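Here's a quick walk through one model, going from a sheet to its surroundings and then on to charged pairs and helix packing. Have the coordinates open while you read.

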Amino acid sequence: GTGGRAGEQDCEADGDATRMPGRSEQLFAATADRRRERDAKMGGGEAGETYQLLRSFLRANSKAPRDLAYHLVQEHPATSWKVGRMYQVIRHELGFACYKDVQHRLLMRKSDLHLVSSDMQNCVSTVGPPGSYFGPVDLSVVQRFCGRMQDLLIKVQTSGSKILVYCVHDSPQARTNAAFLLGAFLILNRGSSALEAAMPFDCIRPYPLLSFRDASTKASERGERGERGERGERATLTLLDVLSALARGKALGWFNLATFNASEYLDWGSPEGGLLHVISPKLVSFRSPSDTPCFISFGVTSIAPAAYAPKLLECGASCVVSLGAPFEYSPEDFASFGLSHYSLDWPPGVLLTDEMVRRFLAICDEEPGAVALHDEPGLERMGILMANFLVSRNGFSPDEAVAWIRLVRPGSILAEQHEALRAFSKTSEDSSLRSVPPKRWGGVDISDGGGSH
């Protein structure tokens with residue numbers, strides 16, 4: 001894999017690390033036993049979600065791509081968390097570390113390390129009360145980070161044999177988004193699977209990363225100490241969820257570092273620009289338009305249909321869908337630009353129904369172009385419909401769908417909606433609306449024993 005061994009720079013090499021994958025089941029069992037003994041001696045909490053999934057997955061799936069899974073276990077042994085320690089992300093090339101203060105960072109300097117840092121992991125959109133929303137950084141930050149890391153790696157490699165180490169001031173939020181950005185770099189620049197990208201961090205004990213959460217999640221449900229990225233009482237997203245969503249978006253051609261227009265994305269996605277986001281080639285979201293200018297917030301007013309229409313056409317839209325009524329414009333305003341108009345009634349207090357999803361999917365299937373959605377001001381219910389489309393038509397898991405939409409449109413989908421999506425995907429009376437368990441794991445296709453998607 002491209003994601004190298006995750007471990008401390010000064011750690012001792014494992015005795016079994018030189019063994020090659022593809023050995024017998026007896027050797028695999030013996031290796032697992034030795035690893036359990038070593039992990040028991042380490043103590044201090046549990047490993048991350050991917051590491052736990054890897055072990056349980058190998059025990060439960062005899063047809064899994066065992067060579068790859070065995071290789072990942074060998075390359076990513078459980079290791080202890082310590083501020084100031086360097087963890088390798090790509091062997092002999094890229095590392096990750098956290099520091100307490102500037103003086104501590106100076107002490108971390110070594111002749112074979114090239115330390116760099118930035119504030120990109122802190123570029124998280126503000127949604128809801130201060131500190132309430134903690135989502136992954138958006139796609140513009142991902143593109144900027146990947147470009148910078150690629151340039152720095154080339155510079156370091158041409159100047160000597162130093163290892164590039166990305167350093168962040170230690171906090172659960174900073175280290176979590178830094179881990180996501182480094183994982184995104186592995187996926188987008190090095191062709192890693194989501195599992196390979198998450199493993200350098202998920203094998204660390206105690207798990208140092210937070211779960212990504214919506215703005216409605218209470219403090220007691222967030223895991224603020226950063227000791228575990230587990231799912232609590234409210235629906236959250238793990239590092240693997242978000243990296244899997246990014247890998248799927250890349251595989252579908254929805255996000256390309258070379259062609260992504262960050263300036264346009266930020267302009268139209270801003271409150272002043274109408275919060276217009278292209279979720280996929282089939283889905284566009286935007287703020288509810290109005291025929292007459294009305295105040296929304298300081299410096300922000302509503303946008304007329306005539307101002308939205310050219311951009312929607314540029315995005316390939318063939319219709320506009322309004323969730324709820326009344327709306328503050330005439331459908332003819334869009335019809336004059338060749339855009340069909342649909343209005344879906346959404347009863348108050350209802351999260352999701354089969355009929356509602358069926359009607360929306362029927363519109364998407366019938367329309368030749370993209371479907372542009374907007375909701376009644378302040379309700380923001382379109383995210384859960386778009387997530388259902390990604391699940392039923394594009395093969396996303398419910399958590400991947402939520403993660404992708406939040407990457408494109410930060411702040412979308414509250415925990416209550418996320419939970420409803422999970423439940424709906426399992427229990428819908430209409431089997432065509434339910435999610436199909438993907439024949440893959442961590443971005444690795446397991447339907448025929450191996451291969452990446």
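## The sheet around strand 11

Keep in mind that this is a predicted model. A good place to start is Ser 322, which stands opposite His 374 in strand 13. That pairing belongs to a set of six bridges joining strand 11 to strand 13 (residues 370-375), and the two strands run parallel. Strand 11 also has strand 12 as a partner: five bridges join the two, again with the strands running parallel. Two of the bridge pairs on that side can be named. Val 321 has Tyr 342 of strand 12 as its bridge partner, and Leu 323 has Leu 344, also in strand 12.

Zoom out, and these strands turn out to be part of an open sheet of five strands, in the order 7-8-13-11-12, with mixed pairing. Strand 7 (277-280) and strand 12 are the edge strands, each pairing on one side only. On average, neighbouring strands of this sheet are turned by 25° against each other, direction ignored. As background, strands of a sheet pair through backbone hydrogen bonds, either parallel or antiparallel.

## What covers it, and what sticks out

How many residues of strand 11 are buried? Seven of the seven (residues 317-323), so strand 11 is largely enclosed by the rest of the structure. Helix 13 (residues 382-394) is one of the elements to look at here: it lies across strand 7, strand 8 (283-285), strand 11 and strand 13. Its direction is about 165° to that of strand 8.

Now for a contrasting spot. Is Gly 338 buried or exposed? Gly 338 counts as exposed, because its relative accessibility is 57% and the cut-off for exposed is over 50%. You'll find Gly 338 in the loop between helix 11 (332-335) and strand 12 (340-344). Gly 338 and Ser 318 are 20 residues apart in sequence, yet their C-alpha atoms are 7.4 Å apart in space.

## Salt bridges, buried and otherwise

The model has nine salt bridges in total. Take the one between the side chains of Glu 400 and Arg 248, with 3.7 Å from N to O. Glu 400 sits in helix 14 (residues 398-408) and Arg 248 in helix 8 (residues 239-251), so this pair ties together parts that are 152 residues apart in sequence. Both partners fall under the 20% cut-off for buried: Glu 400 has a relative accessible area of 6%, and Arg 248 has 12%. The setting of Glu 400 fits with that, as helix 14 is mostly covered, with eleven of its eleven residues buried. Among them are Asp 399, Trp 404 and Arg 406.

Arg 381 and Asp 375 make another salt bridge, their closest N and O atoms being 2.9 Å apart. Both of these residues are buried too.

Arg 358 and Glu 355 give you another kind of setting. Their salt bridge has its closest N and O atoms 3.1 Å apart, and the two residues are three apart in helix 12 (residues 354-366), so about one helical turn separates them. An α-helix has 3.6 residues a turn, so residues three or four places apart point the same way. Arg 358 is partly exposed, at 33% relative accessibility, and Glu 355 is partly exposed as well, at 45%. There's also a network of salt bridges, which links Glu 264, Lys 311 and Glu 314.

## Two helices side by side

How do helix 5 and helix 9 pack, and at what angle? Helix 5 (residues 139-159) and helix 9 (residues 262-269) meet at an angle of about 155°, and their axes are 9 Å apart. That makes the two helices roughly antiparallel, because angles over 145 degrees count that way. Helix 5 puts Leu 139, Ser 140 and Gln 143 into the contact, while helix 9 contributes Ala 262, Tyr 265 and Leu 266. As for handedness, the crossing of helix 5 and helix 9 is left-handed.

Note on methods: Residues are numbered from 1 along each chain as its sequence is written. This is a predicted model: local features need pLDDT of at least 70, side-chain atom pairs count only at pLDDT 80 or more; totals for chains, interfaces and linings use all residues. Side-chain values use heavy atoms; hydrogens and water are left out. Helices (H or I, at least four residues) and strands (E, at least two) are DSSP runs, numbered from the N terminus. Buried means under 20% relative accessible area, exposed over 50%, partly exposed in between (1.4 Å probe, protein chains only). Two strands pair if DSSP finds at least two bridges between them. Axes are lines fitted to C-alpha atoms, for helices over the stretch in contact, and angles run from 0 to 180 degrees between N-to-C directions. Contact means heavy atoms within 4.5 Å. A salt bridge is a side-chain nitrogen of Lys or Arg within 4 Å of a carboxyl oxygen of Asp or Glu. Angles under 35 degrees count as roughly parallel, over 145 as roughly antiparallel, 65 to 115 as roughly perpendicular and the rest as oblique. A crossing is left-handed if the near helix is turned anticlockwise from the far one by less than a right angle, and right-handed if clockwise.
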